[in-house]
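Q: Could you take a close look at one residue and its surroundings for me? I'd love a connected walk through that part.

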Amino acid sequence: MNTSTPLLLDVDGVTLQYKTREHRVTATYRVSFQVHQGDRFVLLGPSGCGKSTLLKAVGGYIRPVEGQILLKGQLIEKPGPDRVMVFQEFDQLLPWKTVLGNVLFALEASGRLRGAQALERAHEAITKVKLERFSDAYPHTLSGGMKQRVAIARGMAMEPDILLMDEPFAALDALTRRQMQDELLQLWEASRFTVIFVTHSIPEAVRVGNRIMLLSPHPGQVRAEFESDGSDSIDADSGLHLSERIHAMLFTTSPKPSDEAAHDK
Amino acid sequence: MTNKKPLGLSPAEAFGVVEQPLSARERLVGNVVVRKLLILMLLALLWEVYARWVNNPLVLPTFWVTLESFAGKILSGELLLKAGVSLQLLLKGYAIGLVLALVLSVLAMTTRLGQDLLEVLTAMLNPLPAIALLPLALVWFGLGNPSILFVLVHSVMWPVALNTHAGFQAVSNTLRMVGRNVGLTGPAYVLRILVPAAFPSILSGLKVGWAFAWRTLIAAELVFGTTSGSGGLGWFIYENKNVLDIPAVFAGLFTVIVIGLVVEGLIFRTLERATVRKWGMQT
């Protein structure tokens with residue numbers, strides 16, 4: 001495991017529950033993991049493994065019923081601009097603000113930067129995601145991929161301790177999705193931010209992450225942790241590609257290969 | 001991947017139309033204002049023809065006579081004065097109603113008690129016609145503007161609060177989380193996230209509120225006229241009916257309609273274009 005870089009996030013024995021109208025549902029059970037500075041940490045698992053709920057808990061939207069989440073040694077109690085979320089939904093952009101306005105809004109509402117400094121930072125972030133020509137466009141005029149790039153720019157401009165990405169590319173078409181994965185990796189190469197990335201796609205996890213944590217469903221528990229170099233390399237012991245090993249592990253309890261199509265886009 | 005030159009594409013000249021301006025006729029037919037004006041002209045024509053056929057100015061003066069009376073009353077300043085009195089009162093009531101509605105809706109979004117309160121109050125009071133409160137208002141506030149203001153506020157507040165609240169509740173969870181992510185809470189959260197996100201709904205509440213207020217005002221003025229010397233449009237209509245100046249009655253009604261159209265067509269339309277349409281929240 002990566003110990004050369006400082007510990008950033010410590011998730012320790014976290015059990016999460018949420019209430020529906022009739023039930024109390026346990027989303028994750030005693031999940032522990034640690035994220036270090038500069039990690040691209042992927043939470044991977046089938047639907048119902050509580051990976052999004054876990055991310056929301058890191059975001060501060062849900063309190064654990066057991067265990068604790070520490071960011072730089074501080075207990076996470078509520079949402080804050082030190083952990084910026086990027087969602088799957090395109091409507092995460094404020095439709096009444098332009099691309100530039102959206103990035104500025106985040107900077108100013110959170111009190112991170114004001115005035116000329118905020119403007120400069122916002123322009124920088126928008127340039128990084130190659131949307132400088134669309135600064136003054138309203139979100140409804142952009143394509144899905146562009147909207148997600150704005151959301152990423154907004155997140156990066158905030159310079160949070162951790163960027164929390166909740167299946168950010170799941171609603172995109174396959175071509176755009178591939179391209180966005182590459183762009184995310186390029187952005188990471190340039191500024192080495194820390195990101196937690198939730199996905200249910202094995203290929204995406206292998207491409208995007210340097211560390212992959214596999215969760216089992218109902219309730220979510222840690223199944224295994226892998227390291228990835230992005231090339232889907234072959235394991236010396238088993239002779240299998242990383243994605244094959246993950247795949248085998250995901251489906252050993254439910255031996256229905258037909259499930260694969262649903263989870264593995 | 002190689003960058004081969006694409007095969008089999010036609011040269012640009014081969015297309016019939018890539019982009020071409022529409023003809024003047026196509027533009028005219030495509031213009032909503034033009035189409036609606038045509039309808040208005042047709043209605044005026046029908047009125048004129050029917051009124052001539054009835055030939056009884058006491059029951060139905062012709063469009064032309066009404067127009068003459070309208071122009072005369074405008075020029076003499078009487079109609080403008082009355083409309084001014086009505087509008088002034090209306091704006092006052094509208095503004096108070098809006099502020100109260102906003103306060104109630106913000107309260108409803110920040111506390112559970114506020115939400116229950118708003119839901120109970122709107123369920124109870126929204127169906128109650130404002131005019132039905134007028135007798136009570138007369139007892140409480142006496143014969144005069146405060147009574148009219150009271151029923152005006154009542155007629156504006158509930159529909160606006162109801163629409164605003166419904167709009168707030170329909171704001172997507174993602175946007176709410178974005179708002180909280182950047183650290184917004186309380187009234188700042190409501191004003192910077194919920195209000196703009198719910199603006200289509202709020203705007204329709206504003207329109208409904210305006211229409212209710214306008215109707216209520218004219219009706220209230222008709223019922224108990226004036227106390228302070230110069231009554232409003234409702235009083236103008238009532239007075240002219242008493243002296244059997246039916247064209248003037250029509251002119252009064254006409255003014256009510258014109259003001260309604262102007263507010264809808266200019267003010268609300270402009271507001272819509274500058275906000276929800278520009279933001280792609282309404283097409």
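**A loop tyrosine and its surroundings**

A: Happily! A:Y61 sits in the loop of chain A that runs between α1 (51-59) and β4 (66-71); helices (H or I, at least four residues) and strands (E, at least two) are DSSP runs, numbered from the N terminus. This is a predicted model, in which local features need pLDDT of at least 70 and side-chain atom pairs count only at pLDDT 80 or more, while totals for chains, interfaces and linings use all residues. Residues are numbered from 1 along each chain as its sequence is written, and chains are lettered from A and ligands numbered from 1 in the order in which they are written.

A:Y61 is partly exposed because 18 other C-beta atoms lie within 10 Å (20 or more would make a residue buried, 12 or fewer exposed, with C-beta atoms placed from the backbone). Leaving aside residues up to four places away in sequence, A:Y61 touches A:K56, A:P79 and B:M177; contact means C-beta atoms, placed from the backbone, within 7 Å. Its C-alpha atom is 9.6 Å from that of A:G80, 19 residues apart along the chain.

After the loop comes β4(A). Strand β1 (residues 7-19) of chain A runs antiparallel to β4(A), joined by five bridges; strands pair if DSSP finds at least two bridges between them. One bridge partnership is A:T15 with A:E66. β4(A) also pairs antiparallel with β5 (residues 74-75) of chain A over two bridges, where A:L71 stands opposite A:Q74. Two residues lie between the strands of this hairpin, and A:K72 takes a positive phi near 50°.

Methods
Contact = placed C-beta atoms within 7 Å.
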